[in-house]
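I opened the file to look up a few points before going back to the bench. My notes are below, entry by entry.

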Amino acid sequence: MNKGFDIDISGMNTFRMKVSCRCLVEYESVEELKAILSDVNLPRPLFHIGGGSNLLFTKDFPGTVLHCAMKGMKDLGSGRVYAEAGVVWDDFCAWCASKGLWGAENLSYIPGEVGASAVQNIGAYGREAGDLIESVSCIDAVTGREVIIPAVECEYAYRDSRFKHDWKGRYFVTGVTFRLSTEPDPELDYGHVREAVKEKYGTDDPALLTPSMIRDTVTDIRKGKLPEVSELGSAGSFFRNPYVDGATLDKIRRIANEENLGNVPSFGIREDCFKVPAAWLIDRCGWKGRQIGGAAVYDKQPLVLVNKSGSATPDEVITLEKEIKASVLDKFGVTLEKEVEYV
Ligand code: EPU
């Protein structure tokens, strides 16, 4: 176990906010995690971090930041894989693809770690982590016991799970069991994935494709659109894509028509419920590339806020968030919700 006090954690959050925590503990076994949870001398609150890729530290953290250093992966046979919480998500995707297992390839190149994937239900290109999860292994902070929670109890939804609500602070994820497919199961129908696969490999025939081919295509797409967190601090999509009703979608279309903003992209979710890309709404409010202090709206994908100067402060990011929300609400009557967690 590694433990330190008053630690600079600017390298542990992909937004690269210059903040510190009162205490940082990195554990290497479930037994160590149990000992940490029962150690009354550790400063509270406790906050478990993964890759730090979906959060914004708004100030120095007064308690203890925990990080899992367990990085084992096990092939359980028949497409089942167990990965410990500290495995880098993209290493998991690469490992599955190299074994010819289908399911995680569309989720390639998402920053973060396996433990957080089960909390956040990360998703991309028509696949979500929750679709692949069989169960989540955790320590129950209340009883100190190990528990295995079936996916069906986790209530996975768009970028959401019970770990973000009533289970917050109660369960600490130690590992995840995934159920992947040993049979070809490509998902090519989201956005430009099919076109990109065809262009790269000359075919979209599932019998001729491998998970690695799709993984490489998705990685290329992401690299072209999203900033490399090692070069430009960000936390990926800052806002969720909003769901609106039919009347609101009609209103957005009317405004788009009056102001020549082009077609409004929308995806039917259920009756009278449509997803409208937040990137489109933010873009049409003229935010692309705009900057407040050191924080800016990424010029290739306005859903992403970046630490442009390298020394942006949390307050600058928060001001940018508020101004974007206010202008999207004012222009289109849509309330954006942030996806990034404020700590
Ligand atoms: N758009 C614009 N202007 C732009 C860019 C995009 O108007 O400059 C519009 C276009 O209409 C485009 C639409 O926004 O078709 C959607 O953009 P895109 O498909 O690039 O991404 P998204 O739907 O906004 C979501 C996820 C991403 C994920 C991609 C692919 C959320 C909040 N974000 O973005 O997830 O990679 O789909 O599946 O759901 C993340 O969570 O950090 C993340 C990057």
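These entries cover a sheet, a pocket and the cysteines.

Entry 1, the model. I noted at the start that this is a predicted model.

Entry 2, the sheet. I looked up an open sheet of three strands and wrote down its order as 14-16-15, with antiparallel pairing. Strand 14 (243-244) and strand 15 (267-270) are the edge strands, and each of them pairs on one side only. I then checked how strand 14 meets strand 16, residues 273-275: the two pair in the antiparallel sense over two bridges. For Tyr-243, I found the bridge partner in strand 16 to be Lys-275.

Entry 3, the pocket. I turned to the second largest pocket and noted a volume of about 180 Å³. Tyr-243 came up again here, as one of the lining residues. The others I listed are Ala-157, Tyr-158, Arg-240, Asn-241, Pro-242, Val-334, Thr-335 and Glu-337. Sorted by class, the lining has five nonpolar, two polar and two charged residues.

Entry 4, the cysteines. How many disulfides does the structure hold? I found zero. I took Cys-96 as a case to follow up. The closest cysteine sulfur to that of Cys-96 belongs to Cys-93 and lies 6.7 Å away, which is too far for a bond, since a disulfide needs the sulfur atoms within 2.5 Å.

Entry 5, burial. Is Cys-96 buried or exposed? I recorded Cys-96 as buried, because its relative accessible area is 0% and the cut-off for buried is under 20%. Cys-285 has a relative accessible area of 16%, so I entered Cys-285 as buried too.

Notes:
Residues are numbered from 1 along each chain as its sequence is written. This is a predicted model: local features need pLDDT of at least 70, side-chain atom pairs count only at pLDDT 80 or more; totals for chains, interfaces and linings use all residues. Side-chain values use heavy atoms; hydrogens and water are left out. Two strands pair if DSSP finds at least two bridges between them. Helices (H or I, at least four residues) and strands (E, at least two) are DSSP runs, numbered from the N terminus. On a 1 Å grid over the protein atoms alone, a cavity is a set of points where a 1.4 Å probe fits but cannot get out, and a pocket is an open set with protein on both sides within 12 Å along at least five of seven lines; lining residues have an atom within 4 Å of a point. Grid points are joined across faces, edges and corners, and a volume is the space filled by probe spheres set on the points. Ala, Val, Leu, Ile, Met, Phe, Trp, Tyr, Cys and Pro count as nonpolar, Asp, Glu, Lys and Arg as charged, and the others, Gly among them, as polar. Buried means under 20% relative accessible area, exposed over 50%, partly exposed in between (1.4 Å probe, protein chains only).
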